[in-house]
Amino acid sequence: QVQLVESGGGLVQPGESLRLSCAASGRRSSGNAMAWYRQGLGQQRELVASITGGGSTNYADSVKGRFTISRDNAKNTVYLQMNSLKPEDTAVYYCNAKVVVNVEGASLDYWGQGTQVTVSS
């Protein structure tokens, strides 16, 4: 079992920054591939950024150059630094952990409760 708790959302103006945090806990909470997803009102959930246990990262085209995902393995925490925020970044942001459950590589997805990010003037 893995529990994920997000924090750091809020209301900001266009061009400002926010940093989201996702603290993982539980028996299998360390070393997993982690990701941030977001879901705008009336939209499908989409991948924003991901990071492997080894630290390799991947980003959606819409956030490349503005967002940075990172992890602190000692704290079992993943971060999403969001700079130059735009109104279209407004969404609920969810933390995701992909936990490998067997030697064949099958995995389970765990989700946080989500944190609201609103970018508006």
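A residue is called buried here when its relative accessible area is under 20%, exposed when that area is over 50%, and partly exposed in between. This distinction is useful throughout the following account of the chain, which is a predicted model.

The overall architecture may be considered first. The chain contains zero helices and 11 strands, so that, by the DSSP runs used to assign these elements, its pattern along the sequence is an unbroken β-β-β-β-β-β-β-β-β-β-β. The C-alpha trace spans about 50 × 30 × 25 Å along its principal axes. For 121 residues, a compact globule would have a radius of gyration near 14 Å, and the chain agrees with this expectation because its own value is 14 Å. Of the 121 residues, 39% are buried. Contacts across the sequence add to this picture: among those between residues at least 6 apart, 54% join residues at least 24 apart.

The surface and the charges come next. The chain exposes about 6,500 Å², and carbon and sulfur atoms supply 47% of that area. There are 11 positive and 9 negative charges, and the mean positions of the two sets are 5 Å apart.

Side chains of opposite charge can pair when their charged atoms come close. A search of the whole structure finds five salt bridges, and some of these can be followed individually.

One of them joins Glu-46 to Arg-38, with the closest N and O atoms 2.7 Å apart. The two partners differ in their surroundings: Glu-46 is partly exposed, at a relative accessible area of 34%, whereas Arg-38 has a relative accessibility of 6% and therefore counts as buried.

A further salt bridge brings together the side chains of Asp-89 and Arg-66, at 2.8 Å from N to O. Asp-89 belongs to the loop between β8 and β9, and Arg-66 to the loop between β6 (57–59) and β7; the pair thus links distant parts of the chain, 23 residues apart. Asp-89 and Arg-66 are both buried. These two residues also take part in a wider arrangement, since Arg-38, Glu-46, Arg-66 and Asp-89 are linked in a network of salt bridges.

The side chains of Asp-109 and Lys-98 form another salt bridge, with an N to O distance of 2.9 Å. Asp-109 lies in strand β10 (residues 107–111) and Lys-98 in strand β9, so this pair ties together parts of the chain that are 11 residues apart in sequence. Asp-109 is partly exposed, with a relative accessible area of 41%. Lys-98 likewise counts as partly exposed, at 35% relative accessibility.

Two loop residues deserve attention for their backbone conformation. Asn-76 has a phi near 50°, a positive value in a residue other than glycine. Asn-76 is placed in the loop between β7 (67–72) and β8 (77–82), and its relative accessible area of 22% makes it partly exposed. Ser-84 also has a positive phi, near 50°, and is likewise a residue other than glycine. The position of Ser-84 is in the loop between β8 and β9 (91–100), the loop that also holds Asp-89 of the salt bridge with Arg-66. With a relative accessible area of 40%, Ser-84 is partly exposed, whereas Asp-89 is buried.

Technical notes
Residues are numbered from 1 along each chain as its sequence is written. This is a predicted model: local features need pLDDT of at least 70, side-chain atom pairs count only at pLDDT 80 or more; totals for chains, interfaces and linings use all residues. Side-chain values use heavy atoms; hydrogens and water are left out. Helices (H or I, at least four residues) and strands (E, at least two) are DSSP runs, numbered from the N terminus. The radius of gyration is taken over C-alpha atoms; the globule rule is 2.2 Å times the number of residues to the power 0.38. Buried means under 20% relative accessible area, exposed over 50%, partly exposed in between (1.4 Å probe, protein chains only). Contact means heavy atoms within 4.5 Å. Accessible areas come from the Shrake-Rupley method with a 1.4 Å probe; for residues, only the protein chains shown count as cover. Lys and Arg count as positive and Asp and Glu as negative; His and the chain ends are not counted. The place of a charge is taken as NZ of Lys, CZ of Arg, CG of Asp or CD of Glu. A salt bridge is a side-chain nitrogen of Lys or Arg within 4 Å of a carboxyl oxygen of Asp or Glu.
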